[in-house]
Amino acid sequence: MTDNTSPFNERTLELEEVGPDTFLSVDLWKPKGSRGVFGGQVIGQAVSAAGKTVDSPYRCNSLHCYFLAAGNNDDMIAYEVRRIRQGRSYCSRLVIAKQSGRVIFMATISFQRPEPSVLRHQYTMPQVPPPDNLLTREELERRTGEREGKEVDVEGLAEYDTLPLERRPVPMPVDQKGLPVNAVWMRAKGDMSALGPLHHQSMLAYASDFAFVGTSFRPFQADANYKLDMLVSLDHAIWFHESFRADEWLLHVMESPRTASGRGLVVGRIYSQDGILVASTAQEGVIRGTSLDGHGEMLEFTNTITRGPSSKPKL
């Protein structure tokens, strides 16, 4: 079992107050080869900014955001929070993110006063290997590259090693290879026990963007006929259901019900290790590709795939 007791790196989500309900980022990460800064970091910082204008005991219950333009890491992002509504049970905030005077992102974020309920149900957590039995994403890529004789992107892996998040991909069963599904265990590096719920929700918002929209390309990933040309996020939504700790293992189960018209839709569920559904997610992104034969058929999936004489996936 790996150690997770070092101090949590708050710089990823840290904001500086520069005016009334206005906050400035102090750190931005642009992944290697990316068009812009990491969207998950912008989402997490927006949640943090909105939360700074809300009094206890309100907690974030949902957020809906749009990526309007790619951000860069040359200038910090300013988050302007507008107090849309303050009710007894719920309050709402609008967050507008600007960089060099240009709006690049906006989000509506809702906060709820905690309340008990006798009406409760949830989907059961899928049975997957526990995180302690799995390799980190970086370890997995290194071993796969060595086994297949491929060049390992040492610089790229070192970049991910510096992030405040640990991820352990769940291997897909043989009968699920090529399906638009994905699952990963994730947790923040370091001890967040002294931090309040807003920090944990902001960290989960950050973490939820990793490998998310890419699920929409998984049916084509192993097919040499297809080449991915563009994959960028358009929007992102999260619904928080229960309290959780972001520095403890969480399972993000993802599936893509539809990819077409240059867009891919992905929905997800996030579980604590004891099987509690703590959050639900959704994202749509631009997905563009080409095929060697000049066209592609519509693939149809259920939970398992059977191929008929025409080799077309059937329900």
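## The β5–β6 hairpin

In this predicted model, strands β5 and β6 form a hairpin with two residues between them. S100 lies in the turn and has a positive phi of about 55°. The two strands run antiparallel and are joined by 10 bridges. One residue pairing can be named across this register: R93 has I109 in β6 as its bridge partner.

## Strand β5 and its pairing with β4

Strand β5, residues 90-99, also pairs with strand β4, residues 78-86. The sense of this pairing is antiparallel, and it extends over eight bridges. Here Y79 has A97 in β5 as its bridge partner. The connection from β4 to β5 is a hairpin of three residues.

Strand β5 thus has bridges to β4 and to β6. Of its 10 residues, seven are buried, so the strand is largely enclosed by the rest of the structure.

## Aromatic pairs: F38 with F210

Across the whole structure, a search finds 11 aromatic pairs. One of them is formed by F38 and F210, whose ring centres are 4.4 Å apart with 40° between the planes, a tilted arrangement. This pair links distant parts of the chain, with 172 residues separating its members. F38 belongs to the loop between β2 (22-25) and α1 (39-51), whereas F210 belongs to the loop between α4 (197-207) and α5 (218-221). Both F38 and F210 are buried.

## Aromatic pairs: F67 with F105

The rings of F67 and F105 also form a pair, with centres 5.5 Å apart. Their planes meet at 55°; because stacked pairs have planes under 30 degrees apart and edge-to-face pairs over 60, this pair is classed as tilted. F67 is in strand β3 (residues 59-67) and F105 is in strand β6 (residues 102-112), so that the contact links distant parts of the chain, 38 residues apart.

Burial means a relative accessible area under 20%. F67 is therefore buried at 18%, and F105 is likewise buried, with a value of 1%.

## The ring cluster and a charge over Y160

F38 and F210 also belong to a wider group: ring pairs link W29, F38, Y160, Y206 and F210 into a cluster. Y160, a member of this cluster, has a charged group over its ring. The charged end of R137 sits there, 4.2 Å from the ring centre.

Note on methods
Residues are numbered from 1 along each chain as its sequence is written. This is a predicted model: local features need pLDDT of at least 70, side-chain atom pairs count only at pLDDT 80 or more; totals for chains, interfaces and linings use all residues. Side-chain values use heavy atoms; hydrogens and water are left out. Rings of Phe, Tyr and Trp (its six-membered ring) pair if their centres lie within 6.5 Å; planes under 30 degrees apart count as stacked, over 60 as edge-to-face and the rest as tilted. Helices (H or I, at least four residues) and strands (E, at least two) are DSSP runs, numbered from the N terminus. Buried means under 20% relative accessible area, exposed over 50%, partly exposed in between (1.4 Å probe, protein chains only). A charge sits over a ring if NZ of Lys or CZ of Arg is within 6 Å of the ring centre and within 35 degrees of the ring normal. Two strands pair if DSSP finds at least two bridges between them.
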